[in-house]
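Work through the exercises below with the model open. Try each task before you read its solution.

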Amino acid sequence: MTSVCGRAMLEVLIAGQRDPAALADLAQRRMRSKVGALTEALTGRFNDHHAFMARLFLDRIDAHTADIGRLDERIEEAMEPFRPARDLLMSIPGFS
């Protein structure tokens, strides 16, 4: 689950909400039509240990995402002298 509503569901689970209907109600847009299936899928045994592990994983994902952002910035800085050539190359149809 990498969507905004999937992340919201995980955050609420971690915070202690265990009611499958309440969790499924966080679905947005196209997922709203699948609330029944979501309720069934969210019925289970998610306990405090699972919440602890999910928090660790989400924190790690957030840290990696931040690291990737920092690397992107660094690459952009290193590419600055080559920006005109890169922009010219990017103007070629089918080249990205």
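**Exercise 1. Classify D59, then find its salt-bridge partner.**

Step 1. D59 has a relative accessible area of 39%, so it is partly exposed. The classes are buried (under 20% relative accessible area), exposed (over 50%) and partly exposed (in between), with a 1.4 Å probe and protein chains only.
Step 2. The side chain of D59 meets that of R55 in a salt bridge, 3.1 Å from N to O. A salt bridge here is a side-chain nitrogen of Lys or Arg within 4 Å of a carboxyl oxygen of Asp or Glu.
Step 3. R55 and D59 both lie in helix α4, four residues apart, about one turn. Helices are DSSP runs (H or I, at least four residues), numbered from the N terminus.
Step 4. R55 is partly exposed because its relative accessible area is 25%.

Two notes on the source apply throughout. This is a predicted model: local features need pLDDT of at least 70, side-chain atom pairs count only at pLDDT 80 or more, and totals for chains, interfaces and linings use all residues. Residues are numbered from 1 along each chain as its sequence is written, and side-chain values use heavy atoms, with hydrogens and water left out.

**Exercise 2. Extend the salt-bridge search.**

Step 1. The whole structure holds 10 salt bridges.
Step 2. One of them joins E11 and R7 at 3.0 Å, N to O. Both residues lie in helix α1, four residues apart.
Step 3. R7, E11, R55, D59 and D62 are linked in a network of salt bridges.
Step 4. R70 bridges to D67, with the closest N and O atoms 3.9 Å apart. R70 is exposed because its relative accessible area is 61%.

**Exercise 3. Describe helix α4 and its buried side.**

Step 1. Helix α4 covers residues 48–79, 32 residues in total.
Step 2. From first C-alpha to last, α4 reaches 46 Å, close to the 46 Å expected at 1.5 Å a residue. The expected span is 1.5 Å times one less than the number of residues.
Step 3. A51, A54 and L58 are the buried residues of α4. They pack against α1.

**Exercise 4. Which residues form the largest nonpolar core?**

Step 1. The core has seven residues: M9, L13, L23, A24, A27, L38 and L42. Such a core is a set of buried Ala, Val, Leu, Ile, Met, Phe, Trp, Tyr and Cys residues joined through side-chain atoms within 4.5 Å.
Step 2. Helices α1 (4–15) and α2 (20–24) are the elements that give two or more residues to this core.
Step 3. Beyond its neighbours within four places in sequence, A27 is in contact (heavy atoms within 4.5 Å) with C5, M9, R32 and L38.
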